[in-house]
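Reader: I am new to this structure and would like a close look at one part of it, with the surroundings brought in afterwards. Please take me through it slowly.

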Amino acid sequence: MTLINEFFSTPIAAGVSAVALLLISLLMRSDRNRRWVLLLSLFLYARYMVWRALYTLPTDDISSMAVGGIVYLAELYGLCQFCFFAFQSSSLTDRQSPPLTTYPTVDVLVTVVDEPLPLLRQTLVGCLSQEYPHDRFKVYVLDDGHRDEAKELAAALGCGYLRRPDRPRHAKAGNLNHALRMTDGALIAVFDVDHIPARTFLKETIGFFDDPDVAFVQTPHHFYNPDVFQRNLRVGNHVKNEQALFFRTLQAGRDSHNSAFFAGSGGLFRRGPLKEIGGFQTQTITEDIHTSMALHAKGYKSCYLNKVLSAGLMPETFEGYLKQRKRWAMGCIQVLLRDNPLTKPGLTLAQRIDYFGSIFYFFFGIPRLICLVAPLFSLLFRTSPIHADTVQLLLYFFSFYIASALVMRPISRGSRNPFWSDIYEIAMCFALSAEALKALSAPRRERPFEVTPKGQRVKKNVSTELALAWPHLLTFGLLIGGLVFGFQRLQQDPSEPGLSISLFWGTVNLLFLTIAMLVANEQTQGRQAFRLNRDFASELFVDGTSVPARIVNINQHGAGLSLEQPVFTAQDFVTLLLTSPGGNIVRVTGKIVRQERLPSGRIAAGLQFTDLDDATKHVLVDKIFGDPTPWEESYRLRPGISSSLRSLFNALTVPWRSFSWDRRRSLRLRSGVPCKLNTSALLLTGTLRDLSFTGLSVSFPSRLKGSLDGGLLELPQVTLKVSPISIAHRRRKTSVRFKVDSIVRGEEEWRKLHDRQWRQSRPHAHETVGIDS
């Protein structure tokens, strides 16, 4: 015991921490050292837990022992979870697509229930655009919604249509199994209705099946819309998608153990092995992981191609996100209780560890909830779960916490921001705790398969938000109250055991809880569909004149353009020229809905497409989703500790940041041109304050009386018919905003006036300039 006490003495502990952190910072520079980095991090974590067990558990009375023991078990869960993470991420495969030597027949199955048909259409177009002999694959719509509109869409696109005749059972697994009986392709590709494959999907995955032991190939899920954390907290690309860690790191690590599993979409199966295990497994509501485990138990291989070859949608709302995660939690616990990977015959030891680790993860809700409320026992009831010296606690705790933050960037290959795992788990812990208890209480009960809503247009619903966030709000109030009482007691007795630790712990929990709680605050969606960042050369035709343009973002409804100069036109519609993937020129009609000047001096313009025919829509889908290269480029940014801390701060400031959509059509420019307003009752002289092609603002030197409707505004060589929009009296002056109804005389001079004002204003590009509707 003397040696143990010496090892855990403060000087030696500080030295060990410093050496370990130094080694980690040196070793993490090379991916070849990832195992050593993980071992050192695991050592610091295990050392902390041993120190907690030996020196910090309270023994004052039964209540303090019970509280201390429960909190320690919750922390021990975290250590176990880190062990699974280290095992799965210690060695990653980096497979490359093998060349095609044969062309087996493929059935491409797209499952749908009640999702929007435009979502289904673009997925089918992506499936039909495969760079694979068209007589060797067939696309099928698997419709569990029994909609005639889906049947008509499938027929119009030349796809097969399958509908179960009986009352649909076993949800997605039953739908797929019905399709297995109705089709005969050697390989089966599976896509959710919102996952659009790149045109190279089949070409890059089929070569793996040259090995007769390969039962399935899985590719990463990439999401082209922000997840609820990125969206509702408005942190954008500064925070990685919450699922990126699993698909970019953990699946590649599992692949080194031959235990990467089918993720529900973006996978390709060999028909024979599937038939051998009775098709997709229907005993649980997570048919993907269960089917994979059954195939591995039969001795078959899987391959994980860590390259994005399809793009899908994340749930757009916090409600949809929780619904999806509760289904995953329920299904994985069902697998544990009905087909335990630890005892299932045929699995290797590594496969057992990987599958059990994936299931074990979904129990995190209860330990996370315990750690979230743990400081309240001390702050409110004077029952501290930890008896420790503050300096020592910080030394042991922060050594492993800093180590885990340091290693997250290299180990995850930039797919997870440090500190954000805490936010994700706190946001889900209440819902998943209830789901885990529900699954454990009735393990044999058949659970309904709840479809994750996709393709929604997000709207504010305060009652729904409160219904989802009330446990967070209640805990928030308790933590506020506890911290107030705690600081009052600290002033009275600064030496009270454990109080300072509980105050620090409670403060950190409050900050993380606040961010997690704000995720439920839905941000209204201004666009009909999410725009994808792209960089395409294009050309605008405005009033018969060509204007060079670059597309910076695009969807099937519109595009964001970067222009060298603003567009001055009274026309409602312009034409955008695009080059299709096949090299053909496609003309798209659209309406400019906004223009604004960027700090760089260029113009950002928004174009809304109008009257697109089906052929043009298909070209757009192929243009946007067909090339997988941009998806891979989005993973090059690898956030570190400093950027992650900034993102946490930004998330905390969401309620104080304004958010608005700018929908003005024409750039507004400052002006000092004299003018005259001529109405049936008035003749006024004024000065233009600013102007755009569709609107202007005029300052008059006196207060106005009488109607301004039906007025003609006289400028040098230009006459405009205008209508007043707003009138503001300031002292003796009057400012009037007008809408330009038509150009009565001098359209070319009106255009030249705008061009002169634009050129004169360019040196002041750093100033904020308004734009007119």
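How many nonpolar, polar and charged residues does the lining of the largest cavity have?

Author: This is a predicted model, and in it the lining of the largest cavity has 3 nonpolar, 4 polar and 2 charged residues. The residues behind that count are Val567, Thr569, Gln571, Asp572, Val574, Ile592, Gln595, Arg665 and Ser666, and the space that they line has a volume of about 60 Å³.

The structure holds 2 cavities of 30 Å³ or more, and the second largest cavity has a volume of about 50 Å³. Its lining is made up of Leu27, Met28, Ser30, Asp31, Asn33, Arg34, Val37, Pro410 and Ile411. Two elements, α3 (34-55) and α16 (390-411), give two or more residues each to the lining of the second largest cavity. By class, the residues that line the second largest cavity divide into 5 nonpolar, 2 polar and 2 charged.

From the cavities we can turn to a helix and its surroundings. Helix α12 spans residues 287-297, and because 11 of its 11 residues are buried, α12 is largely enclosed by the rest of the structure. The buried residues of α12 are Glu287, Asp288, Ile289, His290, Thr291, Ser292, Met293, Ala294, Leu295, His296 and Ala297. One residue of this helix that can be followed in detail is Thr291, which is buried with a relative accessible area of 0%. Leaving aside its neighbours within four places in sequence, Thr291 is in contact with Leu274, Ile277, Phe280 and Gln281. Just after α12, the backbone at Gly299 takes a positive phi of about 95°.

Some residues of α12 also appear in the surroundings of a lysine, Lys344. This lysine has its place in the loop between α13 (318-338) and α14 (349-361), and when residues up to four places away in sequence are not counted, Lys344 touches Met293, Ala294, Ala297, Asp339 and Arg352. Of these, Met293, Ala294 and Ala297 are among the buried residues of α12. The side chains of Lys344 and Asp339 are also joined by a polar contact of 2.9 Å. Although Lys344 belongs to a loop, its relative accessibility is 15%, so it counts as buried, the cut-off being under 20%.

Another charged residue in a loop is Asp194, which lies between β4 (187-192) and β5 (196-197). Asp194 is buried, with a relative accessible area of 3%, and its side chain reaches the backbone nitrogen of Leu313 at 2.9 Å. A separation on another scale is that between Asp194 and Val335, which are 141 residues apart along the chain and whose C-alpha atoms are separated by 26 Å.

The cysteines deserve a separate word, for the structure holds 0 disulfides. For Cys159, the closest cysteine sulfur is the one in Cys127, at 7.6 Å, and this is too far for a bond because a disulfide requires two cysteine sulfur atoms within 2.5 Å. For Cys332, the closest cysteine sulfur is in Cys80, and the separation of 18 Å is likewise too far for a bond. Both of these cysteines are buried, Cys159 with a relative accessible area of 8% and Cys332 at 5% relative accessibility.

Finally, there are two loop residues whose backbone angles are worth a look. Asp611 has its place in the loop between β16 (603-609) and α20 (614-625), and its phi is near 50°, a positive value in a residue other than glycine. Asp611 is exposed, with a relative accessible area of 79%. Gln717 is found in the loop between β22 (711-715) and β23 (718-730), where its phi is near 65°, again a positive value in a residue other than glycine. At 51% relative accessibility, Gln717 counts as exposed, since the cut-off for that class is over 50%.

Methods: Residues numbered from 1 in each chain as written. Predicted model: local features only at pLDDT ≥ 70, side-chain atom pairs only at ≥ 80, totals over all residues. Heavy atoms only, no water. Helix = DSSP H or I, 4+ residues; strand = E, 2+ residues; numbered from the N terminus. Buried < 20%, exposed > 50% of the residue type's maximum accessible area, 1.4 Å probe, protein only. Polar contact = N/O pair within 3.5 Å; in protein donor to acceptor, adjacent residues only side chain to side chain. Contact = heavy atoms within 4.5 Å. 1 Å grid on protein atoms, 1.4 Å probe; cavity = no way out; pocket = protein on both sides within 12 Å on 5 of 7 lines; lining within 4 Å. Points joined across faces, edges and corners; volume = space filled by probe spheres on them. Nonpolar A, V, L, I, M, F, W, Y, C, P; charged D, E, K, R; others polar.
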